[in-house]
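Reader: Could you take me on a close look at one part of this model? I'd like to start with the enclosed space and then follow the side chains around it.

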Amino acid sequence: MNPGTDANDDLLMLAWVGGDAVAFETLYARHRGPLYRFLMRQLRNQALADEFFQDVWQRVIAAREGWKPEAAFSTWLFRIAHNRLNDHWRAAKHRPPAPDDADERAARVADPTTPERELSDFEQRRRLQRALEELPDEQREVLLLRLEQELSLEEIGAITGVGRETVKSRLRYAMDKLRQRLNE
């Protein structure tokens, strides 16, 4: 996100802290899509992602009185999501496996173009998804925050609680593993 957008988010958050409900609606509309996609990619379970999505926004609402613009709103929001995911993984002690019928579900996807092209596209996406799933949690998280949310290394570091160099290292290792896996 660019600084102008962050500053605007901060002003909206301050307005909401002051009681402006429309400011919250604007923040929610701006960040609901990226947050939900991030949770879906991490959890790979729609029901669980829906639950976490609601929980993160409830935590934002509960914490609004104590919010201070020390970090960009988006950084703060994704930090809440990151912490909620960490709590979940600690409690579960494992990542949920893909559903047993995942391949069957994927095969039932409608064909808007030629079957050959769709199969090729599907196979590429599936290979990428499998490669992403094989990454260690920390590497997958920084990669998704960088590529999908377009966050800076500093913002990712603030969300994950690690330094800029650690973020760079995790990104590099993640990209190396993806290249290696996709070139097999």
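**The cavity and its surroundings**

Author: This is a predicted model, and it holds 1 cavity of 30 Å³ or more. That largest cavity has a volume of about 30 Å³. Its lining is made up of Arg41, Arg44, Gln129, Leu132, Glu133, Arg140 and Leu144. Sort those by class and you get 2 nonpolar, 1 polar and 4 charged residues. Helix H6 (115–134) and helix H7 (137–147) each put at least two residues into the lining, and the largest share, 3 residues, comes from H6.

H7 turns up again if you move on to the open spaces. The second largest pocket has a volume of about 210 Å³, and the elements giving two or more residues to its lining are H4 and H7. H4 gives the most here, with 5 residues. In total 13 residues line this pocket, and His82, Asn86, Asp137, Glu138 and Glu141 are the ones that lie nearest its centre. By class, the lining splits into 3 nonpolar, 4 polar and 6 charged residues.

Let's stay with H4 for a bit. Arg84 is in this helix, and it pairs with Glu51 in helix H3, 33 residues away along the chain. Their side chains meet in a salt bridge, at 3.9 Å from N to O. The two ends of that bridge sit in rather unlike settings: Arg84 counts as buried because its relative accessibility is 14%, under the 20% cut-off, while Glu51, at 45%, counts as partly exposed. Arg84 has an aromatic contact too, with its charged end sitting over the ring of Phe52, 4.1 Å from the ring centre. And the bridge isn't on its own: salt bridges that share partners join Glu51, Asp55, Arg59 and Arg84 into one network.

Further along H4 there's a local bridge, between Arg90 and Asp87, at 2.9 Å from N to O. These two lie 3 residues apart, about one turn of the helix. Arg90 is exposed, with a relative accessible area of 54%, whereas Asp87 is partly exposed at 35%. The structure holds 14 salt bridges in total.

Now for the rings, since H4 has a part in those as well. The structure holds 10 aromatic pairs. One of them is Phe38 with Phe78, an edge-to-face pair with 5.4 Å from centre to centre and 75 degrees between the planes. This pair links distant parts of the chain, with Phe38 in helix H2 (residues 21–43) and Phe78 in helix H4 (residues 73–92), 40 residues apart. Phe38 is buried, at 0% relative accessible area, and Phe78 is buried too, at 2%.

Compare that with Phe53 and Trp57, whose ring centres are 6.3 Å apart; their planes are at 70 degrees, so the pair is edge-to-face. This one is local: the two residues are 4 apart in helix H3 (residues 46–63), so about one helical turn separates them. Both Phe53 and Trp57 are buried. They also belong to a wider group, as ring pairs link Trp16, Phe24, Tyr28, Tyr36, Phe53 and Trp57 into a cluster.

Note on methods. Residues are numbered from 1 along each chain as its sequence is written. This is a predicted model: local features need pLDDT of at least 70, side-chain atom pairs count only at pLDDT 80 or more; totals for chains, interfaces and linings use all residues. Side-chain values use heavy atoms; hydrogens and water are left out. Rings of Phe, Tyr and Trp (its six-membered ring) pair if their centres lie within 6.5 Å; planes under 30 degrees apart count as stacked, over 60 as edge-to-face and the rest as tilted. Buried means under 20% relative accessible area, exposed over 50%, partly exposed in between (1.4 Å probe, protein chains only). A charge sits over a ring if NZ of Lys or CZ of Arg is within 6 Å of the ring centre and within 35 degrees of the ring normal. On a 1 Å grid over the protein atoms alone, a cavity is a set of points where a 1.4 Å probe fits but cannot get out, and a pocket is an open set with protein on both sides within 12 Å along at least five of seven lines; lining residues have an atom within 4 Å of a point. Grid points are joined across faces, edges and corners, and a volume is the space filled by probe spheres set on the points. Ala, Val, Leu, Ile, Met, Phe, Trp, Tyr, Cys and Pro count as nonpolar, Asp, Glu, Lys and Arg as charged, and the others, Gly among them, as polar. A salt bridge is a side-chain nitrogen of Lys or Arg within 4 Å of a carboxyl oxygen of Asp or Glu.
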